[in-house]
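Biologist: Before accepting the labels attached to this model, I should like to hear the reasoning behind them. Please set each value against its criterion.

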Amino acid sequence: MTTSSELSITITESAQQYLVGLLAKQEQEGTGVRLFVTNPGTPHAETCLSYCRPGEEQANDISMPMTGFVAWIDQPSVPFLEESLVDYAADRMGGQLTIKAPNAKLPKVSEDSTLEQKVNYWLHTEINPSLASHGGLVELVEIDEEGYAVLKFGGGCQGCSSVDLTLKGGVERTLSMHIPELAGIRDITDHSFRENAYYK
């Protein structure tokens, strides 16, 4: 599990001061911010910063204490947020908050990366882009105690009659090839729901 001290995410002093001012205007005391990436590892990746009221943080979010507030970092987004920078530059129009995340579209993974990070990397960069042509996607739910990747299909893959072929011939083969230490994969999708299935 990544800790806040291991994160290579920088929120500059000027950005912290700006955010403290914004957060002071929020009705609920203790509101912080949450940093995450949508569509990580794809050309459509976007780095987002949102308000995070007490209780809205996710169970596996990483707490990153700042001056006057807490920044919550979305755990699955961590490899995509490597070397990211949140900055605020004042100008004549008042100023602008900017987020630079050079690895949002293609994160860094290494031998030291966790199984979860490696699986998410290959799901986002290789597997989901190919499933997208069928309106499908697959996401990692967890790495279980036996080292299996527990997956859940959605979109056109949920209830699809070809999902076994996709699972064994595509997803499992790709993940096993890139991550030899992975014990295997398990699918927990409810495939009885076929409304959006690509092949019924």
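Biologist: Why is Glu56 called partly exposed?

Modeller: In this predicted model, Glu56 has a relative accessibility of 38%. Buried requires a value under 20% and exposed a value over 50%, so Glu56, at 38%, falls in between and counts as partly exposed.

Biologist: What makes the contact of Arg53 with Glu56 a salt bridge?

Modeller: The closest N and O atoms of Arg53 and Glu56 are 3.5 Å apart. The criterion asks for a side-chain nitrogen of Lys or Arg within 4 Å of a carboxyl oxygen of Asp or Glu, and the pair therefore qualifies. Arg53 has a relative accessible area of 33%, so it too is partly exposed.

Biologist: What makes Arg186 and Asp144 a salt bridge?

Modeller: Their closest N and O atoms are 2.5 Å apart, and the cut-off is 4 Å. This pair links distant parts of the chain, 42 residues apart: Arg186 belongs to strand β10 (residues 184-187), while Asp144 sits in the loop between β8 (136-143) and β9 (148-155).

Biologist: Why do Arg186 and Asp144 receive their burial labels?

Modeller: Asp144 has 16% relative accessibility, which is under 20%, so Asp144 counts as buried. Arg186 has 31%, between the two limits, and therefore counts as partly exposed.

Biologist: How do you know that Arg34 forms a salt bridge with Asp61?

Modeller: The closest N and O atoms of Arg34 and Asp61 are 2.6 Å apart, which meets the requirement of within 4 Å. Arg34 lies in strand β2 (residues 32-38) and Asp61 in the loop between β3 (46-52) and β4 (62-65), so the pair ties together parts that are 27 residues apart in sequence.

Biologist: Why are Arg34 and Asp61 called buried?

Modeller: Arg34 has a relative accessible area of 13% and Asp61 one of 8%. Both values are under 20%, so both residues are buried. Salt bridges with shared partners also join Arg34, Asp61 and Asp74 into one network.

Biologist: How many salt bridges does the structure hold?

Modeller: The structure holds six salt bridges.

Biologist: How do you know that strands β6 and β7 pair?

Modeller: Pairing requires at least two bridges, and strand β6 (residues 84-89) and strand β7 (residues 96-100) have five, in the antiparallel sense. The two strands therefore count as paired. Leu85 stands opposite Lys100 in β7. The hairpin of β6 and β7 has six residues between the strands, and Gly94 there takes a positive phi near 120°.

Note on methods. Residues numbered from 1 in each chain as written. Predicted model: local features only at pLDDT ≥ 70, side-chain atom pairs only at ≥ 80, totals over all residues. Heavy atoms only, no water. Helix = DSSP H or I, 4+ residues; strand = E, 2+ residues; numbered from the N terminus. Buried < 20%, exposed > 50% of the residue type's maximum accessible area, 1.4 Å probe, protein only.
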